[in-house]
Amino acid sequence: MNLFVALQIGLSEIAAHKFRSFLSMLGIVLGVSSLISTLALTTGIERGTRAFMQQVGGLEYVSVVNKEISNQMFDFWNLSPGRTLRDAQAISASAPLISHVSPELAFGAAISSGIKSDRRQIRGVFPDHFVIARHELAAGRFLTELDVERGLRSVVVGDAISRLLWPDLKPVAVVGKTLLINDRPFEVVGVLPKYEREEDKRRRTIAGPGKPSRMGQKWDPFRQKNESILIPYSTMFFDFRAGAFPMDSMESIRLDALILRVGELAHFRAALDQVRAALSATHRGVDDFDLETREEWFDRMEASIRATRLSGGLIATISLVVGGIGIMNIMLASISERVREIGIRLAVGARGRDIFIQIIIESISIAFIGGLLGVVAAFGLIEILKLIAPNENAPIMTLGGIVFSVGFAVLAGFFSGIYPALRASRLNPIAALRYE
Amino acid sequence: MPLVHLEGVSKFYRVGDQEIRALDSVDLQIEEGEFVSIVGPSGSGKSTLMHLLGCLDAPTSGRMQICGNDLSSASQNRLADVRNREIGFVFQSFNLLAKLDVVQNIELPLVYSGLPSAERRRRAEQVARDVGLGDRMANRPIQLSGGQCQRVAIGRALVNNPRIIFADEPTGNLDSVTGKMILDMFRDLNASGKTIVLVTHDSDIAAVSRRVIEIHDGKIRREYRP
């Protein structure tokens, strides 16, 4: 007997007992729909988290930070110049695995557009800063080598600053305006877009444009990016920092931050080693710096995604197994109802194997149809989930998730069909024919 | 080479600690083209004999050859193959599948011999016409009379073109007129060369055959030609 015939028999059997078949499918329907929904939920969370990781600079983002010097080394502390522009130059020159370097000087200053004013932190950076921090543009341009070389009074402002100082203007109109920093005029050359997390974006869309969001009260990882006021490093030094410490030159002034971007993640460790070697020279062997990476932070996020997926998957798996047991139960009942039929089939020449295939195909068919119904149910379930929690990461249904879930259901149908099929195939033809 | 060759064939059943000798060293030969009746009261062992001859069961001891196959200690799968190719069954209670129509019921043995679907259908329809059910092909057994049901069963027994047909009390559930028609069909089949083995407790029915084997207490008591 070929599989197609077995399938025909199985399907007609299912069609002949529609309600009973539906009941036996129910467990599979629920199992598959919850498995698909769980996978979709975790995929949504995963995408949201990854987008977030990208926006904060990704795994490539490395920051050079100061470190408490150890007691044994304390006497040598003076030997090290600390983090300076020379570090950045040394890294550019001798750490080829690092693609971008940006030193930073910070300065609290009064800012004014002529309409509004405030006190904010200004940062002097290299053009590489925009790559390392993964900035985008709403309008205008980033700072360039030319800005740094000539010490031009150019400034790139974040979305929050643009709104604060020019509340009525669009980013395009803000470009070209004059921003007064401690009464020195700077030309706005670029405006950054509004950075926000996926869930905040959704919350804003749902709340509508007019309503004030409660975002200010919450931790916003993009606050610093949105409140950026970025000027060329050299301009920062000469306009604001040079006078404060007459002894310092632009090369020797201690930096407020030093950030890097690793060129290729495949060579992450080697890149960090190159940086350490370069900095060890500029710091004259004094161990007063550390490299801060996102590895642990990201690992923790990945681990929590995995945990969510695992626990959700486990629950869904349990319900699929329960669904499989439901199928087995119905199949056993249907076999004891069909002993005589099986006897007749055996008498006309069916082998045990033919009966086994027939029963197992029927069991798999029930599971498969249940799985397909489960896919339909999952679409509904996901809509309900979106209604219940509109602020969270939207669930994303993937083809892979659907195929996996239905495949799993078919597997459950197969395994729960084995025992009934074995029992049916081992029936004695004479006893089965006499069965009433 | 006879079609059926039994030599000292026994079949024992165990019920509790008691051993029941349903068949006790039976010797029997049936040649191709014969029309044989097996008669005996209930419990005589004639059903057991038919089950063995029909390859529904293997003997406990002795040599058994059916259509050239040595089935003395054959596996269930081997028996199923011989049943499928060489043997057709007609039962007292018809044993049709209620879910299937006439053609599908007749088609059933072909399903297990692996014929393509179109060929199966063609042959089953031809056989349905041969047994006189050409106008009832799409009916289910419940819509047929007893005689028509038995014709379907005979059609099913014939469809694989087997060499032997076993009929177990084929007229038991039929009125005498219909019963006679069914017996006539067997006689016609025999005339066209099929080997027929008829199991019955009624010696009048056995009289249509050309050789009668009487079973009593698991042994062949006598043989005669009516």
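**Helix packing and buried residues in a two-chain predicted model**

Good morning. The buried residues of helix α12 of chain A are A:A316, A:L320, A:G323, A:G324, A:G326, A:I327, A:M328, A:I330, A:M331 and A:S334. Here a residue is called buried if 20 or more other C-beta atoms lie within 10 Å of its own, exposed if 12 or fewer do, and partly exposed in between, with the C-beta atoms placed from the backbone. Helices (H or I, at least four residues) and strands (E, at least two) are DSSP runs, numbered from the N terminus.

Before I continue, please note that this is a predicted model, in which local features need pLDDT of at least 70, side-chain atom pairs count only at pLDDT 80 or more, and totals for chains, interfaces and linings use all residues. Residues are numbered from 1 along each chain as its sequence is written, while chains are lettered from A and ligands numbered from 1 in the order in which they are written.

Let me stay with α12(A). Against what do its buried residues pack? They pack against α2 (18-55), α14 (352-388) and α15 (399-425) of chain A. The helix covers residues 295-337, and at 1.5 Å a residue its 43 residues should span 63 Å; the end C-alpha atoms are 61 Å apart, which agrees. The expected span is 1.5 Å times one less than the number of residues.

One of these partners, α2 of chain A, contains A:T38. This threonine is buried, because 25 other C-beta atoms lie within 10 Å. Leaving out residues up to four places away in sequence, A:T38 touches A:G312, A:G313 and A:A316; A:A316 is among the buried residues of α12(A) that I listed at the start. Contact means that the C-beta atoms of two residues, placed from the backbone, lie within 7 Å. A:T38 and A:I382 are 344 residues apart in sequence, yet their C-alpha atoms are 9.3 Å apart in space.

I turn next to a strand. A:V101 belongs to strand β2 (residues 98-112) of chain A. Is A:V101 buried or exposed? It counts as buried, because it has 24 C-beta neighbours inside 10 Å. Apart from residues up to four places away in sequence, A:V101 touches A:A88, A:I91, A:S92, A:F126, A:D128 and A:L260. The C-alpha atoms of A:V101 and A:I259 are separated by 6.0 Å, although the two residues are 158 apart along the chain.

A:I91 also takes part in a helix pair, so to speak of that pair next is natural. The axes of α3 (residues 85-94) and α11 (residues 268-282) of chain A come within 9 Å and cross at roughly 135°. Axes are lines fitted to C-alpha atoms, for helices over the stretch in contact, and angles run from 0 to 180 degrees between N-to-C directions. α3(A) and α11(A) are therefore oblique to each other; angles under 35 degrees count as roughly parallel, over 145 as roughly antiparallel, 65 to 115 as roughly perpendicular and the rest as oblique. The contact is made by A:R86, A:D87, A:A90, A:I91 and A:S94 of α3(A) with A:Q274, A:V275, A:A278, A:L279, A:A281 and A:T282 of α11(A). These residues divide into six nonpolar, three polar and two charged. In this scheme Ala, Val, Leu, Ile, Met, Phe, Trp, Tyr, Cys and Pro count as nonpolar, Asp, Glu, Lys and Arg as charged, and the others, Gly among them, as polar.

Chain B offers another pair. Helix α5 (residues 146-158) and helix α6 (residues 176-191) of chain B pack at an angle of about 20°, with their axes 10 Å apart. α5(B) and α6(B) are therefore roughly parallel to each other. Which residues make the contact? They are B:G146, B:G147, B:Q150 and B:I154 of α5(B) and B:T178, B:M181, B:I182 and B:M185 of α6(B). By class, this contact has four nonpolar, four polar and no charged residues.

Finally, how do the chains meet? In total, 17 residues of chain A are in contact with 19 residues of chain B. On the side of chain A, the elements that give two or more residues are α1 (3-16), α13 (339-347), α14 and α16 (429-434). The largest share, four residues, comes from α13(A). By class, that side has 11 nonpolar, three polar and three charged residues. Thank you.
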